[in-house]
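Work through the exercises below with the model open. Each task comes with a stepwise solution.

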Amino acid sequence: YDFLHTEIRRGVLYCYGQSQPSVASTTYDYRITYDPSSVPKVRVRQPRIVYNKDIHMYKDGNLCLYYPPDMTCTSDCHLFNTIVPWAQEWFVFYELYQISGKWEHPFVPHGPI
(Lines give C-alpha, C1' and ligand atoms only; values in the text may rest on other atoms or scores of the structure.)
Protein backbone atom coordinates (compact mmCIF):
# COMPACT_ATOMS: atom_id res chain seq x y z
CA TYR A 1 0.00 0.00 0.00
CA ASP A 2 1.60 3.24 -1.11
CA PHE A 3 -0.31 5.24 1.52
CA LEU A 4 1.54 3.47 4.35
CA HIS A 5 4.95 4.25 5.73
CA THR A 6 6.40 1.21 7.48
CA GLU A 7 9.31 0.56 9.78
CA ILE A 8 10.48 -2.18 12.10
CA ARG A 9 11.94 -1.27 15.47
CA ARG A 10 13.05 -3.91 17.97
CA GLY A 11 11.09 -6.59 16.14
CA VAL A 12 7.82 -4.62 16.07
CA LEU A 13 6.24 -3.52 12.79
CA TYR A 14 4.82 0.02 12.69
CA CYS A 15 2.67 1.17 9.79
CA TYR A 16 1.66 4.81 9.59
CA GLY A 17 -1.17 5.75 7.27
CA GLN A 18 -3.98 8.08 6.47
CA SER A 19 -7.57 7.57 5.48
CA GLN A 20 -9.97 10.07 3.98
CA PRO A 21 -13.18 8.17 3.22
CA SER A 22 -14.52 10.92 0.93
CA VAL A 23 -13.45 14.33 -0.29
CA ALA A 24 -15.75 15.87 2.34
CA SER A 25 -14.30 13.71 5.14
CA THR A 26 -11.71 14.44 7.75
CA THR A 27 -8.31 12.89 7.07
CA TYR A 28 -7.49 10.37 9.77
CA ASP A 29 -3.87 9.66 10.69
CA TYR A 30 -3.45 6.23 12.21
CA ARG A 31 -0.82 3.72 13.27
CA ILE A 32 -0.86 -0.04 13.06
CA THR A 33 1.42 -1.75 15.55
CA TYR A 34 2.19 -5.41 15.12
CA ASP A 35 4.31 -7.26 17.64
CA PRO A 36 4.33 -10.93 16.59
CA SER A 37 3.84 -11.92 20.24
CA SER A 38 0.50 -10.08 20.35
CA VAL A 39 -2.40 -9.06 18.14
CA PRO A 40 -2.20 -6.15 15.69
CA LYS A 41 -3.40 -2.85 17.12
CA VAL A 42 -4.72 0.15 15.24
CA ARG A 43 -4.87 3.55 16.89
CA VAL A 44 -6.06 6.86 15.49
CA ARG A 45 -3.40 9.50 16.04
CA GLN A 46 -5.29 12.52 14.67
CA PRO A 47 -7.96 13.72 15.10
CA ARG A 48 -8.66 12.54 18.61
CA ILE A 49 -11.65 10.23 18.68
CA VAL A 50 -13.24 9.99 22.09
CA TYR A 51 -14.20 6.49 23.22
CA ASN A 52 -17.91 5.80 22.97
CA LYS A 53 -19.53 2.43 23.67
CA ASP A 54 -21.49 2.72 20.40
CA ILE A 55 -18.47 2.80 18.10
CA HIS A 56 -16.18 -0.13 17.62
CA MET A 57 -13.27 1.07 19.65
CA TYR A 58 -11.67 -0.28 22.78
CA LYS A 59 -11.39 1.91 25.87
CA ASP A 60 -7.61 2.09 25.33
CA GLY A 61 -8.21 3.87 22.00
CA ASN A 62 -7.47 0.96 19.66
CA LEU A 63 -10.00 0.20 16.94
CA CYS A 64 -12.15 -2.92 17.18
CA LEU A 65 -11.82 -4.40 13.70
CA TYR A 66 -12.84 -8.02 14.26
CA TYR A 67 -14.39 -10.35 16.79
CA PRO A 68 -11.34 -11.83 18.60
CA PRO A 69 -12.70 -15.40 18.99
CA ASP A 70 -13.17 -15.51 15.19
CA MET A 71 -9.58 -14.56 14.36
CA THR A 72 -6.32 -15.67 15.81
CA CYS A 73 -3.37 -13.71 14.51
CA THR A 74 -0.40 -16.04 14.27
CA SER A 75 2.94 -15.68 12.52
CA ASP A 76 1.18 -16.26 9.19
CA CYS A 77 -1.23 -13.37 9.77
CA HIS A 78 -1.22 -11.09 6.74
CA LEU A 79 -1.98 -7.50 7.65
CA PHE A 80 -2.29 -6.52 4.00
CA ASN A 81 -5.51 -8.46 3.48
CA THR A 82 -7.03 -8.12 6.95
CA ILE A 83 -6.03 -5.28 9.25
CA VAL A 84 -5.13 -2.68 6.60
CA PRO A 85 -8.38 -2.88 4.59
CA TRP A 86 -10.43 -3.31 7.77
CA ALA A 87 -8.93 -0.13 9.22
CA GLN A 88 -9.76 1.78 6.03
CA GLU A 89 -13.30 0.42 6.19
CA TRP A 90 -13.62 1.39 9.87
CA PHE A 91 -13.17 5.05 8.94
CA VAL A 92 -15.98 4.85 6.38
CA PHE A 93 -18.33 3.45 9.02
CA TYR A 94 -17.15 5.99 11.58
CA GLU A 95 -18.08 8.76 9.14
CA LEU A 96 -21.51 7.15 8.67
CA TYR A 97 -21.87 6.87 12.44
CA GLN A 98 -21.32 10.60 12.77
CA ILE A 99 -24.22 11.17 10.36
CA SER A 100 -26.69 8.55 11.58
CA GLY A 101 -25.67 8.03 15.22
CA LYS A 102 -25.70 4.27 14.58
CA TRP A 103 -22.86 1.89 13.78
CA GLU A 104 -23.99 0.77 10.32
CA HIS A 105 -21.49 -2.05 9.73
CA PRO A 106 -22.65 -5.57 10.63
CA PHE A 107 -21.08 -6.72 13.87
CA VAL A 108 -21.20 -9.47 16.44
CA PRO A 109 -22.55 -8.09 19.73
CA HIS A 110 -19.86 -8.87 22.27
CA GLY A 111 -20.51 -6.64 25.22
CA PRO A 112 -18.47 -3.67 26.30
CA ILE A 113 -15.37 -3.21 24.22
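**Exercise 1.** Is Ser19 buried or exposed? Then place Ser19 in its element and list its neighbours.

*Solution.* Keep in mind that the model is predicted.
- Step 1. Take the relative accessible area of Ser19, which is 4%.
- Step 2. Apply the cut-off: buried means under 20%. Ser19 is therefore buried.
- Step 3. Locate the residue. Ser19 belongs to strand 2, residues 12-19.
- Step 4. Find its polar partner. The side chains of Ser19 and Gln88 form a polar contact at 3.0 Å.
- Step 5. List the neighbours, leaving out residues up to four places away in sequence. Ser19 touches Thr26, Thr27, Tyr28, Tyr30, Gln88 and Phe91.

**Exercise 2.** Classify Ser100 and find what its side chain approaches.

*Solution.*
- Step 1. Ser100 sits in helix 1, which covers residues 83-100.
- Step 2. Its relative accessibility is 40%. Partly exposed is the class between under 20% and over 50%, so Ser100 counts as partly exposed.
- Step 3. A polar side-chain atom of Ser100 lies 3.1 Å from the backbone oxygen of Lys102.

**Exercise 3.** Which elements supply at least two residues each to the largest nonpolar core?

*Solution.*
- Step 1. Set out the elements. The protein has one helix and four strands, in the order β-β-β-β-α from the N terminus.
- Step 2. Size the core. The largest nonpolar core holds 25 residues. Those with the most contacts inside it are Ile32, Val42, Ile49, Leu63, Leu65, Trp90 and Tyr94.
- Step 3. Assign the sources. Strand 3 (28-34), strand 4 (41-46) and helix 1 each give at least two residues. Helix 1 provides the largest share, eight residues.
- Step 4. Inspect one member. Not counting residues up to four places away in sequence, Ile32 touches Leu13, Tyr14, Cys15, Lys41, Val42, Leu79, Ile83 and Val84.
- Step 5. Set this against the general trend: in soluble globular proteins, nonpolar side chains tend to be buried together.

**Exercise 4.** Which residues make the nonpolar surface patch of about 330 Å²?

*Solution.*
- Step 1. The patch is made by Tyr1, Phe3 and Phe80.
- Step 2. Tyr1 lies in the segment before strand 1 (5-9).
- Step 3. Tyr1 has 52% relative accessibility, so Tyr1 counts as exposed.

**Exercise 5.** What share of the protein's residues counts as buried, and what are its global surface and contact figures?

*Solution.*
- Step 1. Of 113 residues, 37% count as buried.
- Step 2. The accessible surface is about 7,100 Å², with 53% belonging to carbon and sulfur atoms.
- Step 3. Take contacts between residues at least 6 apart in sequence. Of these, 39% join residues at least 24 apart.

Definitions and conventions:
Residues are numbered from 1 along each chain as its sequence is written. This is a predicted model: local features need pLDDT of at least 70, side-chain atom pairs count only at pLDDT 80 or more; totals for chains, interfaces and linings use all residues. Side-chain values use heavy atoms; hydrogens and water are left out. Patches are made of residues with over 30% relative accessible area and no salt bridge: like charges are joined within 9 Å, nonpolar side chains (Val, Leu, Ile, Met, Phe, Trp, Tyr) within 5 Å. Accessible areas come from the Shrake-Rupley method with a 1.4 Å probe; for residues, only the protein chains shown count as cover. A salt bridge is a side-chain nitrogen of Lys or Arg within 4 Å of a carboxyl oxygen of Asp or Glu. Buried means under 20% relative accessible area, exposed over 50%, partly exposed in between (1.4 Å probe, protein chains only). A polar contact is a pair of N or O atoms within 3.5 Å; within protein, one must be able to donate a hydrogen and the other to accept it, and residues adjacent in sequence count only if both atoms are side-chain atoms. A nonpolar core is a set of buried Ala, Val, Leu, Ile, Met, Phe, Trp, Tyr and Cys residues joined through side-chain atoms within 4.5 Å. Contact means heavy atoms within 4.5 Å.
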